[in-house]
Amino acid sequence: MGPGSRMFLVGCDAVARVFLLWLLPVALLAAWAAPGLAGDVESVIAFDNYPPYHYWEGVTPRGLNIELLDEAFARMGRKHRYERRTWKRSLYGVEHGEITALCAGFKTPEREEFSIYPAQYLSLETNWVISLKGSGVKVRDLKDLYRLSVGVVSDYGYDRRFDAMEGLNKEESKSDELLLRKLLNGRVDVMLGNGLVIRHLAERMKAADRLDFQLKLASEPLYLIFSRVRPESAPLAGELDRALESMHADGVYHKLLDKYQPAS
């Protein structure tokens, strides 16, 4: 090997070092920017008022699902924050990847097209058909709803049988609180809602004794709904499963459940 060859190799080595020095910050930037790959990526979880499961006390998030998620994300070693959105805007945000996840909802075939669900649910909810005491309204079967005005929250799922019913006279509202006020003011004959949530809201309004819980529907699990658009969602769903499993195993999950649902 002659002097020219050695000079050529030295030159190549220098070029390689310059290339590596250029490549390192690019690689670091890519790792920082890639969602779900860096440990400091912050998950954005949206929800609106659904007490006592999840709700806002001023600007502070509260409720059973919030405490469950705070504990789970601490065990996962992941950062997260909450954002206030209506249910409909939250679904839109999940579908289009504006947010990481929505707290919390049923698993449906329509939502699975744009969502990823963990195997573990956060909590259970039982929906009811609710009327006012003394109204004379009787609901013994879902078919009885065809002759009534029925209050629902926009884009909520309640029960597979009810959700499949067509031709109902539905009155939609943006939230359970607004819907309950419609019932109390006689603007709908009945409303559908989670028994625990509606009792909680009615007690705040000093109207719990005015409600008649007529027909109990199925109990369904509520999940943290992850956006399928976001690449970090699949690994986060798996991590959440493991965190919730550990919370069940050490009793923390049931301790929190008893705190919020002692009389359910």
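In the protein chain, residues 24 or more positions apart account for 68% of the contacts with a separation of 6 or more; contact here means heavy atoms within 4.5 Å. This is a predicted model, where local features need pLDDT of at least 70, side-chain atom pairs count only at pLDDT 80 or more, and totals for chains, interfaces and linings use all residues. Residues are numbered from 1 along each chain as its sequence is written, and side-chain values use heavy atoms, with hydrogens and water left out.

The chain has 9 helices and 11 strands. These are DSSP runs numbered from the N terminus: helices are H or I with at least four residues, strands are E with at least two. Of the 264 residues, 47% are buried, meaning under 20% relative accessible area with a 1.4 Å probe, protein chains only.

Now two residues. Leu179 sits in helix H6, residues 176-184. Its relative accessible area is 0%, so Leu179 counts as buried. Gly151 lies 28 residues away in sequence, but the C-alpha atoms of Leu179 and Gly151 are 6.4 Å apart. Beyond four places in sequence, Leu179 also touches others, including Tyr158, Glu171 and Met191.

The second is Glu125, in strand S7, residues 123-132. What is the nearest side chain of opposite charge to Glu125? Arg111, 8.6 Å away; Glu125 is buried and has no salt bridge. A salt bridge needs a side-chain nitrogen of Lys or Arg within 4 Å of a carboxyl oxygen of Asp or Glu. Among the residues in contact with Glu125, outside its neighbours within four places, are Tyr53, Phe106 and Asn194.

Technical notes:
Buried means under 20% relative accessible area, exposed over 50%, partly exposed in between (1.4 Å probe, protein chains only). Lys and Arg count as positive and Asp and Glu as negative; His and the chain ends are not counted.
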